[in-house]
Amino acid sequence: MGDMGTTNHSEVTDFTLLGFRVLPQLHILLFLLFLLIYTMILLGNVGMMVINMKDPWLNTRMYFFLGNLSFIDLVYSSVIAPKAMINFWSVSKSISFAGCVTQLFLFALFIVTEGFLLAVMAYDHFIAICNPRLYSIQMSTCLGVQLVAGSYICGCISSVIETSMTFTLSFCASWTIEHFYCDDHPLQRLSCSNIFIHKLASFCLSGIIILPTIIVIIVSYLYILSTVLKIPSTKGRQKAFSTCSSHLGVVSVLYVAVSCMYLTPDTSPELSKVASLCYTLLTPMLNPLIYSLRNKDVKEALRKILGEKKKIYSFF
């Protein structure tokens, strides 16, 4: 392919995903762990989308947001997990240049979209708890659709910027990516270009995405906390806190991991891999459990669907 000192990205046909630096014997254990988590992601998120579509009682803004959250989690975990599992058994652990571009683009698109969607959901909770009488006016169906569409648009714009910046770099040092999927920081380490401007632009882009969404979430929950503390009923306070704690739990895991990955110096590749696991696999697995299985409406809808299937099977 030419001299290693002058080869650029246009001549690269394959990258190698190094994955986790563990003993080969542990690859089987990691494969089984990834398989278990990914199976739970598939069952939880597909199940949530099916329940949303099947039950008319769940045709509300909150469940519309949850349905989109499940779709986003399903897509970006599917961009990462299957390839990672294949590489546990593969000798070459290679990914094509086009595959690497696609993986980075889709992952960046949906992870950013999720960040904005979580901010939208925090605002939705704020309206529902702090202004319940005006909820149908302030959070109309049209506005809900616009907010979700805006989240996808922001995700798409940021993904185009990040992917185009990353793959205009020259890769001449090595084609071995110190990660289990194609991501911006590991790809930067392969570049022989001057990446100061790239790092600065990447940091600014991450800040523009992360900080405003965090501010919306924090402000929304400060108002929610103030309102909940004024509720005279202990049962009412517990119900409100239960709903909010679920959302805050997911937000905390996602944003702490993403902030560690993109807003801190890139000093430890292994630590970056662990942080990446939190938002590539752990969060998509936990979202259906936290948001859905603790929800009485979702449980009732699930019982109805399972009851209908039992009737069909008993008929045959």
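## Contacts along the chain

Among the contacts in the protein with a separation of 6 or more, what share comes from residues 24 or more positions apart? The figure is 79%. Keep in mind that what you're looking at is a predicted model.

## The overall layout

Let's walk through the parts. The protein has ten helices and three strands. If you follow the sequence from start to end, the elements come up as β-α-α-β-α-α-α-β-α-α-α-α-α.

## The sheet

The three strands form an open sheet in the order 2-1-3, and their pairing is mixed. Strand 2 (94-96) and strand 3 (176-177) are at the edges; each has a single partner strand, so one side of each has no neighbour in the sheet.

Now zoom in on one pair. Strand 1, made of residues 14-17, runs antiparallel to strand 2, and three bridges hold the two together. Want a spot to look for? Find Phe 15, which sits opposite Ile 95 of strand 2.

## A helix on the sheet

Helix 3 covers residues 97-130 and packs on this sheet, where it touches strand 1, strand 2 and strand 3. Compare directions, and you'll find that helix 3 makes an angle of about 85° with strand 2.

## Inside and outside

How much of the protein is buried? Of its 316 residues, 45% count as buried.

As for the outside, the protein exposes about 16100 Å². Carbon and sulfur atoms supply 71% of that exposed area.

Note on methods: Residues are numbered from 1 along each chain as its sequence is written. This is a predicted model: local features need pLDDT of at least 70, side-chain atom pairs count only at pLDDT 80 or more; totals for chains, interfaces and linings use all residues. Side-chain values use heavy atoms; hydrogens and water are left out. Two strands pair if DSSP finds at least two bridges between them. Helices (H or I, at least four residues) and strands (E, at least two) are DSSP runs, numbered from the N terminus. Contact means heavy atoms within 4.5 Å. Axes are lines fitted to C-alpha atoms, for helices over the stretch in contact, and angles run from 0 to 180 degrees between N-to-C directions. Buried means under 20% relative accessible area, exposed over 50%, partly exposed in between (1.4 Å probe, protein chains only). Accessible areas come from the Shrake-Rupley method with a 1.4 Å probe; for residues, only the protein chains shown count as cover.
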